[in-house]
Amino acid sequence: MTTFVSAQDPEPKVKDIKIQTSAICGMCEERLETNMAYEKGVKSVELDDKTKILTLSYKVGKTDPDKLRKAVSKLGYDADDVEADPEAYKKLPACCKKDVEPH
């Protein structure tokens with residue numbers, strides 16, 4: 001007689017999060033996608049430049065949504081209700097500032 005037991009993880013190992021950003025242009029897209037790819041636990045990154053929504057897949061236990069929003073802020077961009085880090089924002093190119101029209 002053989003018994004087979006399958007245990008299922010109640011919690012997924014990888015989750016997705018969508019973060020509303022203040023990105024403006026292709027340079028913003030490149031900066032966010034490149035830098036966020038190096039964040040601990042991040043598996044994939046994609047910014048929709050029309051909606052300004054950053055979609056991240058991340059490993060549960062390696063990072064969490066609050067850390068990811070803070071990392072976006074440290075790049076100079078708003079992340080949902082987390083304001084852009086003022087020092088990082090100052091360093092953004094003029095075309096990436098919030099008051100510039102999308103281009």
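Begin by selecting Thr-21, which in this predicted model sits in the loop that leads from strand 1 (14-20) to helix 1 (26-37). Colour the residue by accessibility and you will find that Thr-21 is buried, since its relative accessible area is 6% and the cut-off for burial is under 20%. Now show its side chain, which reaches the backbone oxygen of Lys-52 at 2.8 Å. If you then display the surroundings, leaving out residues up to four places away in sequence, Thr-21 touches Leu-32, Leu-47, Lys-52, Leu-54, Val-72 and Asp-78.

From here, follow the polar contact to its other end and select Lys-52, which lies in the loop between strand 2 and strand 3. These two strands form a hairpin with 4 residues between them, and it is in this hairpin that Lys-52 takes a positive phi near 65°, a positive value in a residue other than glycine. Is Lys-52 buried, exposed or partly exposed? With a relative accessibility of 23%, Lys-52 counts as partly exposed, because the class called partly exposed lies between the limits of 20% and 50%.

Next, widen the view to the whole chain and switch to a cartoon. The secondary structure comes to 3 helices and 3 strands, and, read from the N terminus, the elements follow the order β-α-β-β-α-α. Of the 103 residues in the chain, 34% are buried. Among the contacts between residues at least 6 apart in sequence, 53% join residues that are at least 24 apart.

Select the three strands together. They form an open sheet in the order 1-3-2, with antiparallel pairing. Strand 1 and strand 2 (42-48) stand at the edges and have a single partner strand each, so one side of each is left without a neighbour in the sheet. On average, and with direction ignored, neighbouring strands of this sheet are turned by 15° against each other.

Stay with the sheet and look at each pairing in turn. Strand 1 is joined to strand 3 (residues 53-59) by 7 bridges, and the two run antiparallel; at this pairing, Gln-20 can be found opposite Ile-53 of strand 3. Helix 1 packs on the sheet, where it touches strand 2 and strand 3, and its direction makes about 170° with that of strand 2. The other pairing, between strand 2 and strand 3, is also antiparallel and is made by 6 bridges; to see one pair of residues there, select Val-45, whose bridge partner in strand 3 is Leu-56.

Moving on past strand 3, select Gly-61, which is placed in the loop between strand 3 and helix 2. Is Gly-61 buried or exposed? Its relative accessibility is 75%, and Gly-61 therefore counts as exposed, the cut-off for that class being over 50%. Add Val-14 to the selection and draw a distance between the two C-alpha atoms: Gly-61 and Val-14 are 47 residues apart in sequence and 9.2 Å apart in space.

Continue along the chain to helix 2 (residues 65-74), which lies across strand 1, strand 2 and strand 3 and runs at about 40° to strand 1. At its N-terminal end, Asp-64 acts as a cap, with a side-chain oxygen 3.0 Å from the backbone nitrogen of Asp-66. Which residues of helix 2 are buried? They are Leu-68, Arg-69, Ala-71, Val-72 and Ser-73, and the buried residues of this helix pack against strand 1, helix 1, strand 2, strand 3 and helix 3 (86-91). Val-72 is also one of the residues that Thr-21 touches. Just after helix 2, select Gly-76, which takes a positive phi of about 105°.

Asp-80 comes next, in the loop between helix 2 and helix 3. Its phi is near 55°, a positive value in a residue other than glycine, and at 33% relative accessibility Asp-80 counts as partly exposed.

Finish at the ring of Tyr-89, with the side chains of Lys-97 and Lys-98 shown as sticks. The charged end of Lys-97 sits over this ring, 4.5 Å from its centre, while the charged end of Lys-98 also sits over the ring of Tyr-89, at 5.4 Å from the centre. A search for aromatic pairs will return nothing, as the structure holds 0 of them.

How values were computed: Residues are numbered from 1 along each chain as its sequence is written. This is a predicted model: local features need pLDDT of at least 70, side-chain atom pairs count only at pLDDT 80 or more; totals for chains, interfaces and linings use all residues. Side-chain values use heavy atoms; hydrogens and water are left out. Rings of Phe, Tyr and Trp (its six-membered ring) pair if their centres lie within 6.5 Å; planes under 30 degrees apart count as stacked, over 60 as edge-to-face and the rest as tilted. A charge sits over a ring if NZ of Lys or CZ of Arg is within 6 Å of the ring centre and within 35 degrees of the ring normal. Buried means under 20% relative accessible area, exposed over 50%, partly exposed in between (1.4 Å probe, protein chains only). A polar contact is a pair of N or O atoms within 3.5 Å; within protein, one must be able to donate a hydrogen and the other to accept it, and residues adjacent in sequence count only if both atoms are side-chain atoms. Contact means heavy atoms within 4.5 Å. Two strands pair if DSSP finds at least two bridges between them. Axes are lines fitted to C-alpha atoms, for helices over the stretch in contact, and angles run from 0 to 180 degrees between N-to-C directions.
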